[in-house]
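Q: Hi! Could you walk me through how two chains meet in this one?

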Amino acid sequence: MILGTVKGTVYSTKKIDNLRGFKLLLVEPYYGDKEKILVAADTLGAGIGELVLVTRDEPTQHAIDHEAPIDAFIVGIVDNPPVMGK
Amino acid sequence: MILGTVKGTVYSTKKIDNLRGFKLLLVEPYYGDKEKILVAADTLGAGIGELVLVTRDEPTQHAIDHEAPIDAFIVGIVDNPPVMGK
Amino acid sequence: MILGTVKGTVYSTKKIDNLRGFKLLLVEPYYGDKEKILVAADTLGAGIGELVLVTRDEPTQHAIDHEAPIDAFIVGIVDNPPVMGK
Amino acid sequence: MILGTVKGTVYSTKKIDNLRGFKLLLVEPYYGDKEKILVAADTLGAGIGELVLVTRDEPTQHAIDHEAPIDAFIVGIVDNPPVMGK
Amino acid sequence: MILGTVKGTVYSTKKIDNLRGFKLLLVEPYYGDKEKILVAADTLGAGIGELVLVTRDEPTQHAIDHEAPIDAFIVGIVDNPPVMGK
């Protein structure tokens, strides 16, 4: 998984049917290239500025109860910024 | 998912059978390295210049009703350019 | 998918059994980092210098009638070099 | 797989249900870009500073007995730092 | 697939059970960023210095007769270094 910071919301009216019902959030990577912002589906209610854990690719499907064309999913809201060596 | 801008169409007469029937669009990444243009299948009717949401890898298969060798699929047309912090 | 140019052939006598019967071609990415040449399986008869469409990862399996340890597959030969904005 | 060094622990109280029960560790890549720290699930009891082997994407599911939205998993603790040419 | 050169062996005593029985080799990419050395499972008996073909992600599973948490697998030993344009 990667850590990222929620930066905004993406709205899409015209979309694939089984993508409906998921909130789509812009997530900026916490480590590595911060410019590679991705869009992750969210069901945990993550808010702007929160640090989240994002799972990508096919394992995303194990977070939902029906298959959907989602390749990035917020699987956790991180309690505190990580501290190296702890 | 990633956000990208539709930049053109790719035509291929000689192709794998179960790829037929999908429009193939050139999509330029909106964030990160813009030179890494990819080709995404489209069934939503996205037009040149539109901002779209692209799902990659195996989750693409959940956007279609029969399996196809597609690893990038346009799953949504974005309403407005994203605004950070909203 | 990515666009790439066929640059050569890879020969392997000692290989996993269910990889037999596929031609293996060197493909240079058309967009992005051209040094990241990959090896893609081909059943369409793509020739050196031709522009092809390559699908990667697990969706490759939907291009073949039996599973094989292939993570890049040539799914189309492109008619003409792509033109931006068309 | 990639080799990486365990650098810390990530805590998340609010998370997807089937992610519960896994320890989540920060892992710094041993080769390549060390800034691309990732979060891997662990059941082997890897400690801070240990060198580990991390499997990513869908093959992670073959390390666990029930599916979970995990895309990076510690599948081995490495005995000694690798030596090139041996 | 990618081409790579075998550079060494990785030993791990404490590992996930279904990873046992596979030799784990360090493989240096032949094209692109050579620093991104990966660890690939091997059943073909590839030796140090040999050029190999590596399949990644879930398609690796089609090279083995039981599922294992392996995301890189040596699927062929290359006969000769590739020549561009042939």
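**Where chains D and A meet**

A: Happy to! About 2300 Å² is buried between chain D and chain A, with carbon and sulfur atoms giving 61% of that area; buried area is the accessible area (1.4 Å probe) that two parts lose on being put together, summed over both. This is a predicted model, where local features need pLDDT of at least 70 and side-chain atom pairs count only at pLDDT 80 or more, while totals for chains, interfaces and linings use all residues. Residues are numbered from 1 along each chain as its sequence is written, chains are lettered from A and ligands numbered from 1 in the order in which they are written, and side-chain values use heavy atoms, leaving out hydrogens and water.

Q: Which three residues of chain D supply the most area against chain A?
A: D:K14, D:I16 and D:D71, which supply 23% of the area that chain D buries there.

Q: And how many residues are in the contact?
A: Chain D brings 32 residues and chain A brings 27, with contact meaning heavy atoms within 4.5 Å.

Q: What classes of residue are on chain D's side?
A: The side touching chain A has 16 nonpolar, seven polar and nine charged residues. Ala, Val, Leu, Ile, Met, Phe, Trp, Tyr, Cys and Pro count as nonpolar, Asp, Glu, Lys and Arg as charged, and the others, Gly among them, as polar.

Q: New topic: what does the model score for ipTM and pTM?
A: The model scores 0.96 for ipTM and 0.96 for pTM. Chain A averages a pLDDT of 96, pLDDT being the predictor's confidence in each residue, from 0 to 100.
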